[in-house]
Structures are given as C-alpha cells and as structure tokens.
Amino acid sequence: MKRSSRLRGHILQAHRWTGLGAGLAFVVVAGTGAGLAFREQLEPRLSPGLLTAPACTSPQSLDAIVASARAANPGGGALKAVRLYRDPQATVRVRFSDGQWIYADPCSARVTGRRALYGGPFGLLARLHIFEYTGAPDPIAGSLALLFAAATLGGGFAAWRLATVRRGAHQRVAIYAAPILLISAVTGMAQAFHWGQAAPVPAVAAEGNPLPLADLLARAQALVPQAQKVQIRFPATPQSPMVFEMVARDAPHANALSYVQLDPSSGALLRHIPHSESTTAHKLSLLAAGVHYGWVGGVAAQLLLLGGALSVPFLAWTGTAGWLRARRRRRQ
C-alpha cells in the first residue's frame with residue numbers, strides 16, 4: 001500500500017514539474033494548433049482573391065501557368081513545387097527556391113498574388129506551431145511532443161490511480177482531453193521524427209531538356225486519373241526524377257498519397273506506387289499526418305482536435321493555480 005502511494009506521489013510530482021517546466025511551450029503549441037484546426041475551411045474565406053478563382057472548362061496549360069508565375073517572381077530561383085487541386089475554383093500554387101508561393105488563376109494564368117512559405121496569419125501560426133523560427137524545428141518539435149505525450153500519460157495514470165479522490169475541474173477536463181492530446185502528440189512526433197518515410201527515388205540519366213510540364217502531368221494523370229490533389233516536386237539535381245504526389249479519387253483519406261516518378265527528359269516511368277502498395281509504415285505515417293492536420297474524420301474530428309487544444313491552456317491555468325494553493329497551505 002505504501003509502495004503504491006509512493007508511486008502515485010512520484011507520478012504526480014513528475015507530471016507537475018513537467019507541466020510547470022514546459023507549460024509555456026505546451027500552451028504555445030496547443031494555442032497555435034487550435035488556430036490551425038479549421039485552416040482548410042477558413043483560409044479560402046480570409047484570402048478569397050488569393051486562393052480562389054472563377055471556374056472554367058478550358059484551363060491554361062501548366063507550362064503557361066508556371067511561366068506566368070516565373071514572370072511575377074523573376075528572381076525566385078529554381079522551381080521547387082507546384083500544387084494542383086481538383087476543385088475548379090482553386091488557384092494553382094507555384095513555389096520557387098526563395099520560399100515564395102505564387103498563386104495563379106488556372107483559366108487565365110493570371111497571377112492572383114504571392115505569399116511566403118510561412119506567410120499570412122495561418123502561415124505564422126504554423127511557423128510558431130513547429131518552432132520553424134529556431135532553425136531546428138524537427139528535433140525541438142519532436143522532443144516537445146514526446147515530453148507532452150509522457151506528461152499526458154503520467155497525468156492520466158495518476159488520475160486513474162486517484163479515482164477515489166474528489167476530482168476538481170482540472171482532473172475532470174484532463175480525463176476527457178487526455179486521449180485527444182495523446183493522439184495529437186504521437187502523430188506530431190511521427191512527422192517531426194520522419195517515421196515511415198517513403199522509399200528513396202531512383203536516379204535518372206541527365207540527358208536532354210525536360211519535356212513540357214503538360215506532357216509529364218498527363219502521363220502521371222493517366223496512372224492516377226481524376227486525382228483530388230497533385231503536388232509536383234521538381235528535380236533537385238540533374239539525376240533526380242520528377243515526383244508526383246497524388247491523392248487518388250478513391251483514396252481512403254485526404255493524405256493517402258500515391259506516387260508517380262518520371263524521367264523529366266524522356267517522360268519514362270521510373271516508379272509508380274499506389275497508396276495501396278505502400279509499406280505499412282509509410283501508410284501509418286501518412287495517416288498520422290492526416291489525423292494531426294484534421295484531414296481525417298471530417299468536421300467532427302476537427303472539433304475534437306480544437307477542444308483538445310483549447311483544454312491545454314485551461315489545464316495549465318488550473319494546474320498552476322492548484323500548485324500555488326498547495327504551496328501556500330504548506331507554508332501556512
């Protein structure tokens with residue numbers, strides 16, 4: 001009985017000091033995560049002129065759109081990525097090595113605006129959320145997520161062991177929020193530590209000029225027709241292939257990527273990996289990212305993530321207040 005009591009005491013003490021020591025960082029991560037919970041729905045409404053355009057039946061070729069984006073950002077450096085959406089009213093997004101996203105109307109190739117990689121209100125929230133400003137975002141964010149998961153497990157275990165004790169608001173909210181917070185922390189760790197990465201891309205022969213982007217896109221779309229979303233990653237070296245990350249029409253979730261890798265000079269297919277043929281580890285990695293971003297489970301899942309994130313500032317406040325009251329009583 002005494003050993004069990006000591007164990008509960010040690011767990012509570014570790015949980016308390018973890019919360020007090022890293023509490024501010026936890027609140028920042030949770031607060032910014034709450035702000036990002038409904039990004040997919042809110043961002044087009046906050047920036048309609050940038051992210052949306054009138055629909056049409058005859059869009060411009062991808063080459064014309066990229067050329068227009070290049071003209072709007074002549075000093076942008078190498079072409080890094082292009083994002084295309086099945087939504088006919090979504091703008092095409094072109095990114096260069098300077099970190100600028102150029103947005104273009106797919107029907108006219110007219111540039112609707114530009115934004116830095118972490119620009120805009122949601123970009124700022126994302127930058128704070130992953131500690132991008134530190135220069136080492138992955139180790140810091142991953143370590144904090146690991147610490148947060150440990151604190152959540154420790155607090156949950158302590159609450160379970162102390163179930164006979166009268167619970168206050170802190171304990172009641174913690175019990176309901178703990179599963180959501182634990183899922184958020186674990187899925188965040190999966191991204192920060194790059195668990196389940198995709199297989200390395202094969203090398204290509206650096207011969208000749210690349211084919212038109214429209215031709216390469218058509219070859220990828222023939223393998224994954226009517227994709228909901230396409231992200232094209234351009235070769236970083238002459239020996240690198242062009243990689244198409246595509247969410248198929250019948251994909252199980254919004255981050256269930258299929259991959260098409262092409263030789264940019266000849267258009268030859270180097271590798272096609274449908275999502276169903278990816279490794280189990282990579283499928284779990286993609287699912288974890290989708291859950292963390294709120295792309296899996298619809299609005300209900302987004303509301304759960306929002307509620308879990310908002311519970312952290314409340315837990316930090318009530319936990320600190322409880323500690324201060326206990327400390328005051330001990331002094332008296």
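Which residue in β7 is the bridge partner of E245? I would like to begin with that small question, and I will come to its answer once we have walked through the sheet around it. Please keep in mind throughout that what we are looking at is a predicted model.

Let me start with the overall picture. The protein has 332 residues, and 39% of them count as buried. Its secondary structure comes to 10 helices and 8 strands. The accessible surface is about 17900 Å², and carbon and sulfur atoms account for 61% of that surface. If we take the contacts between residues at least 6 apart in sequence, 59% of them join residues that are at least 24 apart.

Now to the sheet. The 8 strands form an open sheet, and if you follow it across you meet them in the order β4-β3-β2-β1-β5-β6-β7-β8, with antiparallel pairing. At the edges stand β4 and β8, the latter being residues 269-273, and each of these has a single partner strand, so one side of each is left without a neighbour in the sheet. From one strand to the next, the twist averages 15°. As a reminder for those new to this, strands of a sheet pair through backbone hydrogen bonds, and they can do so in a parallel or an antiparallel way.

The strand I want to dwell on is β6, residues 242-247. On one side, β6 is joined by 5 bridges to β5, residues 229-233, and these two strands run antiparallel; within that pairing, I232 stands opposite F244 of β6. The strand β6 is also joined to β7, residues 257-262, this time by 6 bridges and again in the antiparallel sense. Here we can settle the opening question, since the bridge partner of E245 in β7 is Y259.

Is β6 buried or exposed? Buried means under 20% relative accessible area, and 6 of the 6 residues of β6 are buried, so the strand is largely enclosed by the rest of the structure. It helps to recall that in a regular strand the side chains alternate between the two faces of the sheet. In β6, both faces are covered, with M242, F244 and M246 buried on one side and V243, E245 and V247 buried on the other. You will notice that E245, the residue we began with, belongs to that second group.

Let us move towards the other end of the strand order, to β2 and β3. Strand β2, residues 92-96, pairs with β3 in the antiparallel sense over 4 bridges, and V92 stands opposite A104 of β3. Strand β3 also holds W101, which counts as buried because its relative accessibility is 6%. Leaving aside its neighbours within four places in sequence, W101 is in contact with a list of residues that includes A81, R83, R93, V94, R95, L117 and Q231. It is also worth finding G76 in the model, as W101 and G76 are 25 residues apart in sequence and 9.7 Å apart in space, C-alpha to C-alpha.

Two loop residues deserve a careful look at their backbone angles. The first is A109, in the loop between β3 (100-104) and β4 (111-116), where phi is near 65°, a positive value in a residue other than glycine. The second is H194, in the loop between α7 (169-192) and α8, and its phi is near 55°, again positive in a residue other than glycine. Their surroundings can be described too: A109 counts as buried, because its relative accessibility is 8%, whereas H194, at 41%, counts as partly exposed.

Finally, the helices. The axes of α4 (residues 62-72) and α8 (residues 213-223) come within 7 Å and cross at roughly 130°, which means that α4 is oblique to α8. In this contact, L62, D63 and V66 of α4 meet L213, A214 and L217 of α8, and the residues divide into 5 nonpolar, no polar and 1 charged.

A second helix pair is α2 (residues 39-46) with α5 (residues 120-129), whose axes come within 9 Å and cross at roughly 140°. The contact is made by R39, L42, E43 and L46 of α2 together with F122, G123 and A126 of α5. By class, that contact has 4 nonpolar, 1 polar and 2 charged residues.

Conventions: Residues are numbered from 1 along each chain as its sequence is written. This is a predicted model: local features need pLDDT of at least 70, side-chain atom pairs count only at pLDDT 80 or more; totals for chains, interfaces and linings use all residues. Side-chain values use heavy atoms; hydrogens and water are left out. Axes are lines fitted to C-alpha atoms, for helices over the stretch in contact, and angles run from 0 to 180 degrees between N-to-C directions. Angles under 35 degrees count as roughly parallel, over 145 as roughly antiparallel, 65 to 115 as roughly perpendicular and the rest as oblique. Contact means heavy atoms within 4.5 Å. Ala, Val, Leu, Ile, Met, Phe, Trp, Tyr, Cys and Pro count as nonpolar, Asp, Glu, Lys and Arg as charged, and the others, Gly among them, as polar. Buried means under 20% relative accessible area, exposed over 50%, partly exposed in between (1.4 Å probe, protein chains only). Accessible areas come from the Shrake-Rupley method with a 1.4 Å probe; for residues, only the protein chains shown count as cover. Two strands pair if DSSP finds at least two bridges between them.
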